[in-house]
Amino acid sequence: MVLNPSSFWTQANALFRKSLTFQKRNVKTNVRLILFPLILCVLLALLQHFIDTQLNTPDFKCGCVCPNQRETCDDSEKLCGIQYSDETQATFCKIPNPPEWPPLLQLQYVYCKENQSCPFNMLFTAENRSFAQIVSDNMFPSALTVNSSDIMASLASNVLGSESSAGTDSFLDSGFTSALPVYYLQTQCPQNNSGFSFPYQIEGINFEQDIRCGQGINFWRNSSDDINNELYQIYERNNSEGRINEIFSAVDFLNSNDDVFDVTVWYMPTSIWAENKLSRVPRSVNLISNAYLQFLHGPGTKMLFEFVKEMPKSETAYRLEIASLLGGLFFTWVILQLFPVVLTSLVYEKQHKLRIMMKMHGLGDGPYWMITYGYFLVLSVIYMLCFVIFGSVLGLKFFTMNDYRIQFVFYFIYINLQISLAFMLSSVFSNVKTATVSAYIGVFGTGLLGGFLFDYFLQDSSFPRKWIICMELYPGFALYRGLWEFAQSAITGNDSGTDGMRWPDLSDSTNGMKEVLIIMFVEWTVFLFVAYYIDQVLTTGSGKSPLFFLKRFQKKHLSSFKKLSIQRQGSKVLAHTGKPDVIQEREKVEQLLLEPTINHAIVCDDLKKFYPGRDGNPGKFAVKELFLAVPRGECFGMLGPNGAGKTSFISMMIGLTKPTSGAAYVQGLDIRSHMDAIYTSMGVCPQHDLLWESLTGREHLLFYGRLKNLKGSALTQAVEESLKNLNLFHGGVADKKAGKYSGGMKRRLSVAISLIGDPKVVYMDEPSTGLDPASRKCLWNVIRLAKRDRAIILTTHSMEEAEALCDRLGIFVDGSLQCIGNPKELKGRYGGTYVFTMTTSSDHEKDVENMVRQLTPNVNKIYHLSGTQKFELPKEDVKIANVFQAVEVAKRNFTVFAWGLADTTLEDVFIKVARHAQAFETLS
Ligand SMILES: *[C@@H]1O[C@H](CO)[C@@H](O)[C@H](O)[C@H]1NC(C)=O
Ligand SMILES: *[C@@H]1O[C@H](CO)[C@@H](O)[C@H](O)[C@H]1NC(C)=O
Ligand SMILES: *[C@@H]1O[C@H](CO)[C@@H](O)[C@H](O)[C@H]1NC(C)=O
């Protein structure tokens, strides 16, 4: 069965189905993902309901009464209107015909005994004191002038004031509707100042208001500064008592005279915190202007300021839109929730080297990016859809008021930005836990900073716009701003009964949505590019140069066998190190390079890997001068002590690192330039199992099988077979999550993965570590079967395994091959001895040695301890029959406790070669 390399779409399909399964398995994450926005929306809806009930009280509605002074009545019978309302209620009424009020001065509260006159003080200054004095004397009349048939209308020629602070509007002036009296200011008040009350009407209903005299006094001050200081001191003194000022107003006439009228007025706000602080300023300006007019034209002249009245208005309702009010903070959290999900998923594959594993089994960068990105995008879109739908169904104005198309564009761009950001940041983290913790800190921190800091800047219209835009470069704040704009539109739309945000609103200069969309879109593309760049340069291990994208402008590499070997001709210098088998292999490689045949799946040509020195240590060749040709159908075993360079060699072959020099060809393709093509026909069983903990064994095999272009029944068959072969089929092991596997099971699964899809070249790095003998046997059978039409390179520390599986062996010490050949040859070449062991009492040690020396003089004693001795006997010198005879003779002469004769094992060869090479190394 020959498989073509899988196409882009096959790979994409494989990865997509794997991701789906993976997501399906992460039940906790999924449930949390869906529940979080749901719970939050429900919570907000409940809160909204609660607030609506609270607001559904008479305090937050236009005032109403039952007709004919009944206690209770139906809502429909009730008479409502401003005339039945108090000051707060009036705000909600429909007022087509607002009542008019005499304008009042704001007076400070003065402790004023019953029936006594209460002084209200005013300060003045000017350049010309005599002028100012005359004008000031005109301010307060000496007597009250009213027409008793219509007191309200005739009050304008008097100076009225009130201590009550003005409300939010002037539909019902608090001066007339509160219990405090209205004062008319005069130069002198009568001794018995009990005042009186006068009636007035609003919409046909009668009301009454107390009015009494207050003494208005003007005091001269030398300068404007004096006035200012005095006001400030009084303010400081009274602040603690909650009073604003004993002086209710002050005026500086500046350079005014007969021709010029120029004044500065200090006014008292109606209350420090009131919204319409200035509502009682007009009367004080009129007071001064009127006094000046009388100075010019005599006391008969009057400039009357008779009434103030607010504009008519329609009925309004007070609604607190909780989702819009809290939306900025809560919805930021909801949307940011996705970020840790994407990030941890990416970091998980990085931490467990699964990305590289997938790449080594043929997953190209294109499908990887498309599917991984697309997958998270789909996930995010579904999440956002749920969120918006939940919110809309629950009737949150935040969603229903604003144009859904704007919301879609905004959320869509943002989730793309968020995914790109996660891709970019995933290169920073190497551990899932760190990534998760950091991401959640980021999520909550961003929400809080947005809600309590950034929000503050947004509301402060004097805060420079450019700084806001700078802050919006941080994606979390851009998101916050967008949500904030939605909330503002929903609130204003709700209050004024108009629409929320619509497309034309985006061109409004106060609407920040347009700049947010632009910022996010630009960042999305930039982040995506940076993420791809980092991925290419750093993460995949393919070791692309930071300027890889310039490559297409360089000359194309000519990587064919011939060209290279032609260059090499003539420079055929052999370093004779006295290892004929290694030299022979080298010659074979050179021959192969001249006449390439497809039979040799792996050809290594003078492969070198040099690690430069660090921290003062000298640099080291991990692999040097490696020549190796592995034909198809061969299992080549690499033996070698730890640190000999086996793993460095495999890393180069599977594309994790680049060779320092030299080349290797897999199926005729150069590993330096065609790694991507090589991956499609390669299988790797890495030293450490690279598996998804939440996927089952079967799912792993299905995924890698699909990557290798297996389809339909061929795929199922291959998977079943491979599960059966590796003893993963019984007891439902195949459908258990790999995270629950024992070490041995994981190992077997890794081997199965490396073999699925008929790869032409397979690397197995210590495949049988941690396996019980039974599993190992079955693993061996699989490898024996598998090597028939492919080349396998296997590293192992088990000599038994090497002997059982490998057609040829190479012993690797200090970065180079010390010997190469099939196990028998090696044993013959390096062994060539029998090991003779005999145990006697210590008295007869000498006899034993003599006996052995009689067999052959070329004997070598290798071990000796209290009666037990071991000798090496050259094979060519001794016959086994002779040995038996000699032992029989010896037994008659003295007591032999035990004896034995053994052929050399591979282990002896290994130890010998390794020791020899290391000794050679230290010598040179
Ligand atoms: C000050 O004002 C009075 C009254 O208007 C005027 O008679 C007098 O000439 C003014 N004095 C100066 C120095 O302008
Ligand atoms: C008082 O007001 C009534 C009604 O507006 C008017 O007829 C009458 O002339 C007024 N009296 C004075 C003294 O102005
Ligand atoms: C104001 O000026 C007058 C005369 O120039 C002086 O006698 C008086 O002390 C001054 N008052 C203050 C408070 O400076």
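Here is a short walk through two sheets and the helices that lie on them.

Before clicking: this is a predicted model, where local features need pLDDT of at least 70, side-chain atom pairs count only at pLDDT 80 or more, and totals for chains, interfaces and linings use all residues. Residues are numbered from 1 along each chain as its sequence is written, chains are lettered from A and ligands numbered from 1 in the order written, and side-chain values use heavy atoms, with hydrogens and water left out.

**Stop one.** Select 682–685 and 816–821: these are β16 and β20, the edge strands of a sheet, each pairing on one side only. The full order is β16-β17-β18-β13-β19-β20, six strands in an open sheet with mixed pairing. (Strands are DSSP runs of E, at least two residues; helices are H or I, at least four; both are numbered from the N terminus. Pairing takes at least two DSSP bridges.)

Now pick 635–639 (β13) and 791–795 (β18), parallel partners over four bridges. Cysteine 635 has isoleucine 792 of β18 as its bridge partner.

Add 743–755: helix α25 touches β16 and β17 (761–765), running at about 170° to β16. Contact means heavy atoms within 4.5 Å; angles run from 0 to 180 degrees between N-to-C directions of axes fitted to C-alpha atoms, for helices over the stretch in contact.

**Stop two.** Jump to the antiparallel open sheet of four strands, β22-β23-β21-β24. Its edges are 860–865 (β22) and 896–903 (β24). Five bridges join β22 to β23 (868–874), and leucine 865 sits opposite threonine 868 in β23.

Finish with the helices: α29 (845–855) lies across β21, β22 and β23, at about 10° to β23, while α30 (880–893) crosses β21 and β24, at about 175° to β24.
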